[in-house]
Amino acid sequence: MTGLLRGEPQVISAGVGLLADAVELQAARVTRVDWSPPMAGTADDLATVLRDPRRAAANELAVRRMFGARAQLVDVLPARDALGLRPGEFLHAGPPITWQRASGPLRGALLGAAVFEGIAADPETAAGLAERGEFGLSPCHDHDAVGPMAGLVSPSMWVFELADPATGRRCYCTLNEGLGKVLRYGAYSPEVIERLRWMASVLGPLLQAAVRRHGPVDVTAILAQMVQMGDEAHNRNRTGTLMLLRDLLPSLIESGKPSADVAAAVAFIGGNDHFFLNLAMPACKIALDAARDIPGSTMVVAMARNGTDFGMQVSGTGSRWFTAPANTPEGLFLGGYGPEDANPDIGDSAITETAGLGGFAMAAAPAIARLVGGTVASALATTRRMYEITLAEHPLLQVPALDFRGLPAGIDVALVLRTGILPQINTGMAGRVAGTGQVGAGLVTPPAEIFPAALLALAEAAGSLVRSRPDARRS
Amino acid sequence: MTAEHVEARAGAYADSVTLMQISAEVRKHEGVQAALIAMATELNLGLLPGLGLAAPDRAGPNDLLIALRARDDAALAAALATVEAGLLARPAAGHGPAAAPRTTAAAVRAAGRGLVLVSVPGRHALAEAVDAVEAGCDVMIFSDNVPVEQEVWLKDLAAQRDVIVMGPDCGTAVIGGIGLGFSHTLAAGPVGLVAASGTGAQQVLCLLDLAGVGVSAAIGVGGRDLSAAVGGRSARAALAALDQDAGTELIVVVSKPPDSQVAAGLRGYAATLATPVQFAFVAAGQPDLTAAAEAALGALDLPVPVWPQWPGAAGSGGAGTYLRGLFSGGTLCEEAMVIATGWLGAIRSNIPLQPDWRIDPNVVASGHTMIDFGDDELTVGRPHPMIDLSPRLDRLAAEAADPDTAVILLDVVLGHGAHPDPAAEIGPAIAAARQLGQVQVVVSLIGASADPQGLLRQAGALQAAGAHVFASNAAAARFACEAVAVRA
């Protein structure tokens, strides 16, 4: 026994207040747990999963692997080369979905991408092809990739290639287009296509030359620094973007490309506060992919939305998606848009929250607390609340305002169900109607029902191990 | 030969309050003669000569100064370990109070390790207990209705992590002088208790208290610990802990009737310990709890006092011939039944001594009956009858109204966690019952002399209501049986 009979005990009380009162009356220090019952119907599965003999070690391993991963930007190249995408093949955000069930912004992005690829002359033709099932659609997450919002990736788009130098694990993400009328928010007007063409013909090759000249860029290190400078790496990437630019600028200048192109590229990156998002996301995925497929682990390794469904993957249940209809974010709206214009939650960008950034890092980003409809106090409270549902504190990503406490990372399905606290996601809002673009930004949570479903799967996987009673031990 | 350590640690920073706390903590170490843990400002460096320590070679205000002098290398190493632990400790993050923790895991993270007390509904207790054990905390599970396979699993996990699980259904414990659950105000003393029975332990502890003998610790292990299924897992851990404890001169194991193999195994294990162990199993042919307390006094070479009793009013002589027991304590009920069955034969109960004596506890039955209102099936979704007296008060009236009732036997348990003034509710109910049914009422009053409810005040109020009051449950049961036997 660890010192049970030595020293004056501090008591931690979960349950009846009267018993805690009685201890306090004896002048002992008491910490009270604000306990509430787990989500309805989950008690038995919880008891099974908690007794899974693999759980504690599996979660420790998952956390160790997640924290041990490093992400470097090693190259920039077309998706056809990086991912082997062929004409007519498209990747999208979130769990698998068909054109028939796809939301407005995903449809809009697909139409725009088809026009961009030259498969269809115009969006109407593209819609006809999509109706007839002529496009290949699959999730980014199935191809070592992630995409914000609609997450559309087509063969001619250029992608960042990130790698973990220790394991060689790779992850890919497109270049960020900026805000407003952009493909990832479902816009597909000529200006959108025009920008994509410039990105593929000028920006991509220029970044490729710069990265190859510079050598690997340590994205994980930038993440650690930007979090101390007001970014949460989902809705605020301003510092990260400028730090990337700082690293690459000499190589851009020395790339030998026309100075007008360099100037345009620098202006584009510097003018797009979200440019670094498309590096933060694959960096998060590299870390979380390292934690995948550990039997018995209850840690969430992906949260992603396709605009219709919210999907979640858990380390201990492999590549299975737990899905339910996506919630619609609440927050602030651009111009004349209002709640009725907002599409349900969309994008792979919740990979940042899964890794402890985004909504989990609100305490690090007071500057955008109001953007997502909160206050500085609520931002601090949000991050603190997320410690309740996470397995660990990030050793590198630290929050100055919380005395450099590490960010809450590694969402535990069991803790979500026990506390009823859902992961907090910061997000942009796409217009419901295809072609609209961004309408606002705000906060959203996953649909609660995916967590009991994941717990059930974990309980089924643990079942035989738990039922076999350990032998009575006689010392 | 003193040992010194002076270091200016570059790039390490902690705020001055934290550093002062660490310094204070280090100075508490035996063998530490001087300690200064501070940022290496000129002011702080200037303090070193006064402490008899030389300043480090290069030190600036951004360096952390760790300067120690101790009796020997071991004391120095211990002091340094305390410094490192203090520097690693999580700061209480500022900017307003953090919300209360929502799980035991979060509470331990915020407050550090402690003894975890779990009293959430039984089907949810496992999660909090797992949090405690995995964080290296001893845990007391007050909750009942925890499945036995979960109990066995938890206790095995606890053995791996070198902590103890007290419970489930652990009603009482005394750890480090603090009473947990239903417990009493007790002085420190030489007796260590291992209790697989909450109220049984309370009876022994209170009698020892009345004899002027204190307790080193009372480690509850849960009512099922000595069953065949659980195999005494926690009882062994508790015996080992008490055997290691310098303050424990005598160990008393209190339990409801254990599984015979488990009991034999435990006796065998106890024989290997340096500390003498006495067993008090409440069962036919075994000494009762009062006798166990007397045996403990004997083992300590202390005199046995006359156990207090407060005589009440005689019954007015109704026609009833049966004994009716209404208990909040399971072991007290069991002890009373063991005694009464020797006088009166079959005692029917919801926790019967023989299977065919089982009755539905919710209705007044014929014959001699005793009901344990604290039994699991009667406490689902409601407070324990030591807190909520109303079910027993209702039943007291019903039994008094039964013309067959001659004597009603009650327990009244005082102490922390129990009703703040039970006599104020039970006293009037006893008076009313006596008037209604011409019954005699006998009370076993389980309390320590310094309990918050006031033992003497409670006894006086119950006596004034007409009850015969005894500090010994066994004595109360014998008195009740005698009164019934006289009538029969």
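Two residues count as in contact if their C-beta atoms, placed from the backbone, lie within 7 Å. By that yardstick, the contact between the chains draws 61 residues from chain B and 55 residues from chain A. The model is a predicted one, with pLDDT of at least 70 needed for local features and 80 or more for side-chain atom pairs, while totals for chains, interfaces and linings use all residues. Residues are numbered from 1 along each chain as its sequence is written, and chains are lettered from A, with ligands numbered from 1, in the order in which they are written.

On the chain B side, the elements that give two or more residues include helices H4 (104-111), H5 (125-134) and H6 (148-161) along with strand S4 (115-118); helices and strands here are DSSP runs of at least four residues (H or I) and at least two (E), respectively, numbered from the N terminus. This side has 32 nonpolar, 19 polar and ten charged residues (Ala, Val, Leu, Ile, Met, Phe, Trp, Tyr, Cys and Pro being nonpolar, Asp, Glu, Lys and Arg charged, and the others, Gly among them, polar).

S4(B) also pairs across the chains: strand S1 (residues 11-14) of chain A runs parallel to S4(B) over four bridges (pairing takes at least two DSSP bridges). Here Val11(A) has Leu115(B) as its bridge partner.

Within chain A, three strands make an open antiparallel sheet, ordered S12-S17-S16. S12 (330-333) and S16 (425-430) of chain A each have a single partner strand, so one side of each lacks a neighbour in the sheet. S16(A) and S17(A) (residues 438-444) are joined antiparallel by six bridges, with Asn426(A) opposite Leu443(A).
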